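Reader: Please show the sequence and the structure, and then take some questions on how the chain is arranged.

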Amino acid sequence: MCGIVGYIGPRDATPIILNGLKRLEYRGYDSAGIAVLQNGGFEVRRDAGKLHNLLNMVEDSPLSGKLGIGHTRWATHGEPNARNAHPHMGATGDVVLVHNGIVENYIKLREEMIAEGIEFKSDTDSEIIVHLVESYLSTGVKLEEAARSALSHLKGHHGVVMASSKEPDKIVAARIGNAGGVVIGFGENEMFIASDMPAILEHTREVVFLESQQIATITKDGAEINTLEGEKVEFSVDSVSWDPISAEKGEYRHFMQKEIHEQIRSLTDTISGRVDFETGKIILPQLNLTEEFANKIERIVIVACGTAAYAAMVGKVLIEKIARIPVEVDIASEFRYRDPIINENTVVMAISQSGETADTLAAMAEGKSRGATLWSIVNVIGSQAMRISDGVIPMQSGPEIGVASTKAYTAPLIDQYLLAILLADLRGVLSEEERIEMVNELRSVPDLADQILGREEQYKKVALALKDTENCIYLGRGINMPTAYEGALKLKEISYIHAEGYPGGEMKHGPIALFDEDMPVIVIAPKDPWYEKMLSQIEQTKARNAPVIVLATDGDEQIPPLANQVMWIPETSWMLSPVFTVIPLQILAYHIAVLRGLDVDQPRNLAKSVTVE
Ligand code: AGP
């Protein structure tokens, strides 16, 4: 969850690290810090709160040097105050360390250290690691050796980066388990380290991702990677295609706003090169799917969290309808502890923007251990989910920085539509004409998204009406039931309005008791196979005097007399409709949060990648 940046080379490390932290602030923003090697010793600046506090501190009290590490924190152990901010230093002041993860056995280790007379300067679990490193260094070994020994004491998943003023030519970085991705960037006589690509994209796209149980010694001229057991690792440097500009806000006020608008491009990229409009064939080479295996699949279990899980619910409808394969959607944190029934003819498919979500990775591991084939739909290139999968559909969304996921919701909807058609084709359950027709529906996707984004002012009017509400209900049904969940999640996470998504048909089984003039109800009622049912739900809502806002298809004459406000969308195929029904709801949540004066990109208590349980 925390963001890490490191630099070693001929340039001043301070601006490189601070700029990198700016690009990682979405990973955690309750405190931040930097340590730079200056005149043979480490200078450290740390402060609570958002990064601008640290930036002000560095401006008042500058620091400069050719080696440095920085951190932006999402607190797990210890309050989000300055003393708990990273980097941490040990007793000697020679070693600085930043950490992403949780030391699961920290209470025991801390007690042992306190008994040995070690004084702790923070309440964090991370400080333990720096003391362990120092204690091994005192035996005369090199930093990488001390790090390896220290890390062997830790339980849990970790990304760790450290440096010592006594060995000023290197930074040591390690990864243990699933959390704490560590990417090493290669420059010209300079090297970069980060928890995530956007931090270093402006400097290099030549990278190596550390695998679990690997430790790297990084000098300005390159890196040496070993396993934690000390075996040398041969590695090759990857070139990533992400464009540094796409990790910038550009003309937009917030990343979320930019990412909502980027959906035209993200959806275009999701389709292009993957379909043949003439033959209706689907091309997903990284899925490694053969006709033989497609015909063996008995069940697909999609594991995911949050927004990704709602995308999975749409996928269930699509895959079952088109490919006739049973699909279950499992919230990853539940799946892993439920003794699930999985066999070698089950596919466990993860959906994840970050590819780092601890619960999703653990669910994948659970599936693998029970013999399933692992697939994933993942955005972050080189992420753990991508690497452990037997087959991958890479999302084509580019960096998503806003904590509220938007373009990484709509892209996997299309990915799953493609997957469903491919499976149906390989299993012979779709005629050529049907396939060509379905594939050709995709032609209009970018244009429809563009039309909807052009209606921002219309949706903003609804935001003005709803900005002061304290509660809100979203109703959807069938393929748009997940749209109700996702619309409500967007609203609650960035505007702090209590919002619930509900299946339309369930309303009468309880939630209707809440309906009155103070409970706005947003009804998702495009012209899909569930439309008639939604109409009667609108009637029932109206009868309880709840303000009704309906998301409806252009030209629908039945809705306006029933609704207080209408959010119009163009006509679409019902199977693709969730791509378009959600965009107005993203825009609505965005404008409500802006009107309430909230920090859209960094909502309280949240982090972009949830790498802890
Ligand atoms: C989305 O707006 C949320 N911030 C959150 O629910 C997110 O989708 C979830 O944590 C899963 O993340 P992932 O896609 O990176 O696995």
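Author: The questions below concern cores, cysteines, helices and sheets.

Author: This is a predicted model, in which local features need pLDDT of at least 70 and side-chain atom pairs count only at pLDDT 80 or more, while totals for chains, interfaces and linings use all residues. Residues are numbered from 1 along each chain as its sequence is written, and side-chain values use heavy atoms, with hydrogens and water left out.

Reader: Which helix gives the most residues to the largest nonpolar core?

Author: A nonpolar core is a set of buried Ala, Val, Leu, Ile, Met, Phe, Trp, Tyr and Cys residues joined through side-chain atoms within 4.5 Å. Buried means under 20% relative accessible area, exposed over 50%, and partly exposed in between, with a 1.4 Å probe and protein chains only. The largest core has 95 residues, and I300, I322, W375, L423 and Y474 have the most contacts inside it. Its main contributor, with 14 residues, is the helix at residues 407-426, α13.

Reader: How many residues of α13 are buried?

Author: Helices are DSSP runs of H or I with at least four residues, strands are runs of E with at least two, and both are numbered from the N terminus. The expected span of a helix is 1.5 Å times one less than its number of residues; α13 reaches 29 Å from its first C-alpha to its last, close to the expected 28 Å. Just after α13, G428 takes a positive phi of about 70 degrees. The helix is largely enclosed by the rest of the structure, because the buried residues number 20 of the 20.

Reader: Why does C2 form no disulfide?

Author: A disulfide is a pair of cysteine sulfur atoms within 2.5 Å, and a search of the whole structure finds zero. C2 is buried, with a relative accessible area of 8%, whereas C305 is partly exposed, at 23%. The closest cysteine sulfur to that of C2 belongs to C305 and is too far for a bond, at 18 Å.

Reader: Which strands are at the edges of the five-stranded sheet?

Author: Two strands pair if DSSP finds at least two bridges between them. The open sheet has the order β23-β22-β24-β25-β26, with parallel pairing. Each edge strand pairs on one side only, and these strands are β23 (498-503) and β26 (565-569).

Reader: Which residue of β24 stands opposite Y474?

Author: Strand β22 (residues 471-476) and strand β24 (residues 521-525) pair in the parallel sense over three bridges. Contact means heavy atoms within 4.5 Å; leaving aside neighbours within four places in sequence, the contacts of Y474 include A484, L491, Y502 and L588. The residue opposite Y474 in β24 is I522.

Reader: At about what angle does helix α18 run to β24?

Author: Axes are lines fitted to C-alpha atoms, for helices over the stretch in contact, and angles run from 0 to 180 degrees between N-to-C directions. Helix α16 (residues 456-466) lies across β24, β25 (548-553) and β26, at about 150 degrees to β26. Helix α18 (residues 531-543) lies across β22, β24 and β25, and its angle to β24 is about 160 degrees.

Reader: Why does the length of α19 agree with its number of residues?

Author: Helix α19 is mostly covered, with 18 of its 19 residues buried. After α19 comes G597, whose phi is positive, near 70 degrees. The 19 residues of α19 (residues 577-595) should span 27 Å at 1.5 Å a residue, which agrees with the distance between the end C-alpha atoms, 28 Å.

Reader: How many residues lie between β12 and β13 in their hairpin?

Author: Strand β12 (residues 214-219) is mostly covered, with five of its six residues buried. Six bridges join β12 to the antiparallel strand β13 (residues 222-227), and T217 stands opposite E224 in β13. The number of residues between the two strands of this hairpin is two.

Reader: Which strands stand at the edges of the six-stranded sheet?

Author: The open sheet has the order β5-β6-β7-β8-β12-β13, with antiparallel pairing. Within it, strand β8 (residues 171-176) and β12 pair over five bridges, and R175 stands opposite Q214 in β12. The edge strands each have a single partner strand, so one side of each is left without a neighbour in the sheet; they are β5 (88-89) and β13.
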